[in-house]
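Here is a short report on strands, salt bridges and cysteines. Look over the structure before reading on.

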Amino acid sequence: MAALVYTESRLRPEDASFDQVVEAGLGWSRAIHRGQTFRILDLEGNQAVDTLFYSAADPSDRYDALATIREQKNIFLTTGTRLISSEGNVLLAITADTCGRHDTLGGACSAESNTVRYSPEKRHMHSCRDSFLLELARADRGIGKRDLTSNINFFMNVPVPPAGGLTFADGVSGSGKYVEMKAEMDVIALISNCPQLNNPCNAYNPTPIRLLIWDA
Ligand SMILES: [Zn+2]
């Protein structure tokens, strides 16, 4: 794998206007305003953070994995990546990253995919798709099942060899690593702190994350 590039942030946690720990397996959503900076911190390491972004003004304009990949000509996200929406707008731009790579292809785990990939008994395990839906129902943001499109997996390692195969590999993240992005428009962030126990995306041990927001 190509050498990872790390970019640190100068922002200090004590200056953040929002600071919250989200336990493993839970969903979370919040408005992030234009100019604010959003940090996702992997507290214990090797934790996949399934994430979607929507325009706050019009949630039908939302993170578009294909547009983002095409724009930057790369399937991995890191510092410099602009997260592009389905209408071609820049939602956020990644400004710091001490992990070095984030997945755009692996998607979110679900009861259905757990059943197909692992075994029928896995159907009732917690999944990111259910966490997304529970959080959307709780927060009542006018965003629903049909709005769950291909998501970002922050900190997840899905290498793609020359033949084009996908592997859910052991992580490249570690305790205290973070990714930080600046909102270029008012957005809604939707997160599932992945509960997956059937593959190494969370090192078989889902752990909490810390979310911080700084005002412009
Ligand atoms: Zn998951």
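## Ground rules

A residue counts as buried under 20% relative accessible area, as exposed over 50%, and as partly exposed in between. The model discussed here is predicted.

## Salt bridges

A carboxyl oxygen of Asp or Glu must lie within 4 Å of a side-chain nitrogen of Lys or Arg for a salt bridge to be counted. The structure holds 7 of them. Side chains of opposite charge can pair when their charged atoms come close.

Take Glu-71 and Arg-82. Their closest N and O atoms are 2.7 Å apart, and the two form a salt bridge. Glu-71 sits in helix 1 (residues 65-72) and Arg-82 in strand 5, so the pair links distant parts of the chain, 11 residues apart. Glu-71 has 40% relative accessibility, so this residue is partly exposed. Arg-82 is also partly exposed, because its relative accessible area is 37%.

Glu-180 and Arg-39 form another salt bridge, at 2.7 Å from N to O. Glu-180 belongs to strand 8 (residues 177-183) and Arg-39 to strand 3, so this pair ties together parts that are 141 residues apart in sequence. Are these two buried or exposed? Both Glu-180 and Arg-39 are buried.

Glu-14 and Arg-12 make a salt bridge too, with the closest N and O atoms 3.8 Å apart. Glu-14 is exposed, because its relative accessible area is 57%. Arg-12 reaches 44%, so Arg-12 is partly exposed. Arg-12, Glu-14 and Asp-15 are linked in a network of salt bridges.

## The open sheet

Six strands build an open sheet: the order is 1-10-3-8-6-5, and the pairing is antiparallel. Which strands lie at the edges? Strand 1 (18-22) and strand 5 (82-84) do, and each pairs on one side only. From one strand to the next, the twist averages 20°.

Strand 3 (residues 37-42) pairs with strand 10 (residues 209-214). The two run antiparallel, over 6 bridges. Within this pairing, Ile-40 has Leu-211 of strand 10 as its bridge partner.

## Strand 9 and its partners

How many of the 7 residues of strand 9 (residues 187-193) are buried? The count is 7 of the 7, so strand 9 is largely enclosed by the rest of the structure. In a regular strand the side chains alternate between the two faces of the sheet. In strand 9, Val-187, Ala-189, Ile-191 and Asn-193 point one way. Ile-188, Leu-190 and Ser-192 point the other way, and all of these residues are buried.

Strand 2 (residues 27-32) pairs with strand 9 in the antiparallel sense, over 6 bridges. There, Trp-28 has Ile-191 as its bridge partner. Strand 4 also runs antiparallel to strand 9, and 7 bridges join the two. Val-49 stands opposite Asn-193 of strand 9.

## Thr-51

Thr-51 lies in strand 4 (residues 49-55). At 0% relative accessibility, Thr-51 is buried, because the cut-off is under 20%. Where does its side chain reach? The backbone oxygen of Val-49 is 3.1 Å away from the side chain of Thr-51.

Leaving aside neighbours within four places in sequence, Thr-51 touches Ile-40, Phe-132, Asn-151, Ile-152, Phe-154, Leu-190 and Ile-191. Of these contacts, Leu-190 and Ile-191 appear above in strand 9, pointing opposite ways. Ile-40 also appeared above, as the bridge partner of Leu-211.

## Cysteines

A disulfide is a covalent bond between the sulfur atoms of two cysteines. The distance rule is a pair of cysteine sulfur atoms within 2.5 Å. By this rule the structure has 0 disulfides.

Cys-109 is in the loop between strand 6 (90-97) and helix 2 (111-117). Cys-109 is buried, because its relative accessibility is 7%. Which residues does Cys-109 touch, not counting those up to four places away in sequence? They are Asp-50, Asn-114, Ser-127, Cys-128, Arg-129, Cys-194, Pro-195 and Gln-196. Cys-128 is buried as well, because its relative accessible area is 0%. Cys-99 has a relative accessible area of 0%, so Cys-99 is buried too.

From C-alpha to C-alpha, Cys-109 and Ile-188 are 21 Å apart in space. In sequence they are 79 residues apart.

Terms used: Residues are numbered from 1 along each chain as its sequence is written. This is a predicted model: local features need pLDDT of at least 70, side-chain atom pairs count only at pLDDT 80 or more; totals for chains, interfaces and linings use all residues. Side-chain values use heavy atoms; hydrogens and water are left out. Helices (H or I, at least four residues) and strands (E, at least two) are DSSP runs, numbered from the N terminus. Buried means under 20% relative accessible area, exposed over 50%, partly exposed in between (1.4 Å probe, protein chains only). Contact means heavy atoms within 4.5 Å. Two strands pair if DSSP finds at least two bridges between them. Axes are lines fitted to C-alpha atoms, for helices over the stretch in contact, and angles run from 0 to 180 degrees between N-to-C directions. A polar contact is a pair of N or O atoms within 3.5 Å; within protein, one must be able to donate a hydrogen and the other to accept it, and residues adjacent in sequence count only if both atoms are side-chain atoms.
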